[in-house]
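Thank you for asking me to look over this structure with you. Please keep the sequence and the 3D view open while you read the points in this note.

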Amino acid sequence: MSGFSEFVYHDNELYVESVPLKQIAEEFGTPCYVYSRSALTKAYLEFDSAFSGRDHLICYAVKANSNIAILNLLARLGSGFDIVSGGELLRVIKAGGDPKKIVFSGVGKNIDEMRLALEANILCFNVESEAELNTLNQTAKDMGKIAPVSLRVNPNVDAKTHPYISTGLKENKFGIPANEAERIYQSAHQYAHIRFTGLDCHIGSQLTELEPFMQASSKMLNLLDTLQSQGLAIEHLDLGGGLGIRYTNETPPSIKDYVSALCASTQQVKQRLLIEPGRSLVGNSGILLTRIEYLKHTPARNFAIVDAAMNDLMRPALYDAYHEILPVARNNEEIKNYQVVGPVCETGDFLGHDRKLGLINGDLLAIMSTGAYGMSMSSNYNTRPRAAEIMVDKNTIHIIRQRETIDQLIATERILS
Ligand SMILES: *Cc1c(COP(=O)(O)O)cnc(C)c1O
């Protein structure tokens, strides 16, 4: 399932579920992120049902969208969580997530974060270096605890995605080469406060083909076999996240086909399977709603200057990412070639280049497929308060994050006395 199933036109007006987006803009202002509870739920259930009976845990990658309402809805559906910081751990707990379903990823966990996670008794630390393993062992020792650990293996496969979000090549900062991981697992006895419970990899994000996943899975199986033959009791195999979504004309595998392929490729594995999807759960469940401030026609270009900017949605500026831009009300204006840009003082501040649109001053636009890595990557650049977030459930509108105020932004700053 891909595309924007819960964002559809009725009589030339764009709706989210049963609510016109125009109504949300009038009640809550713009820019704001708008999510569909139904789209989120459908995506989760598509993952969950595709495992059909197989022992599994879906660990939603919190960094894709960390609003506690989203975490709470996923927790209610039974989801676990993949976190990358102490802050994300506290969010998951606040949202009612079960610590026994949390895995902790990331190359640079600090001692405070390790302590928080050991205190909470999380399911597993995905450890990315020997140095980190030593620190974790010592921290657990100081607390009189045993840390459950998976080593994150770098399987050295090409994810064929944007270089900034490719993580499974030997040149990347992530993971441990398979042969080194094997050696570290074998030296388990040296780590009195570590228990090796799993094996983990994650090769990148926005993958649109199955092949790299299959290559990684096969390398992980080889290592799992070796470790088992050496008598290590591994309890779970974590194959990471990374399934891509359709932003425009990409054709990623469906969630169901992806999970089925992972299950088939690991048929002989008795261990529990973990996956860490982020983008594919929330990406097409949300849009960024923005209003046109000015239309500006120069001899070279037509600009639509909107009230959302790169601080609200960084992906176009950061990765040259493409997001579909739809008018909230379809009209009969002349179609022109527009540069859709924000108010921030950077030429890199654009939401879309060369879009064929018929626009009127004051119109609303929907920046599609922005549920993942939209709000969670936003900033206060140019002292712009961050956008409000709205969750629609059929015909009910819930505000799940208030728009920030300027006072909140500067509240912690101090002038020299
Ligand atoms: C970012 C990340 C994910 C999620 O990736 P998606 O492409 O959003 O599915 C999963 N695991 C790890 C370790 C990550 O860093």
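The numbered points below deal with the ligand and its surroundings, and then with the domains.

1. Before anything else, please bear in mind that this is a predicted model, and that the distances given here are computed from it.

2. The ligand is surrounded by 14 residues, and those that come nearest are Lys63, Ser205, Glu276, Arg279 and Tyr373. Sorted by class, this shell is made up of three nonpolar, six polar and five charged residues.

3. Three polar contacts deserve a look in the viewer. The side chain of Glu276 has an N or O atom 2.6 Å from a nitrogen atom of the ligand. Backbone atoms also take part: an N or O atom in the backbone of Gly242 lies 2.8 Å from a ligand oxygen atom, and a backbone N or O atom of Arg279 is likewise 2.8 Å from an oxygen atom of the ligand. Taken on its own, the ligand has 390 Å² of accessible area, of which the protein covers 94%.

4. Where does the ligand sit? The space that the ligand takes is the largest pocket.

5. The domain assignment divides the protein chain into domain 1, which consists of 7-36 + 283-410, and domain 2, which spans 105-277. The centres of domain 1 and domain 2, taken over C-alpha atoms, are 36 Å apart, and ten residues of domain 1 are in contact with eight residues of domain 2.

Technical notes
Residues numbered from 1 in each chain as written. Predicted model: local features only at pLDDT ≥ 70, side-chain atom pairs only at ≥ 80, totals over all residues. Heavy atoms only, no water. Near = heavy atom within 4 Å. Polar contact = N/O pair within 3.5 Å; in protein donor to acceptor, adjacent residues only side chain to side chain. Areas by Shrake-Rupley, 256 points an atom, 1.4 Å probe, with all protein chains shown as cover. 1 Å grid on protein atoms, 1.4 Å probe; cavity = no way out; pocket = protein on both sides within 12 Å on 5 of 7 lines; lining within 4 Å. Sits in = over half its atoms within 2 Å of the grid points. Nonpolar A, V, L, I, M, F, W, Y, C, P; charged D, E, K, R; others polar. Domains from an automatic or database assignment. Contact = heavy atoms within 4.5 Å.
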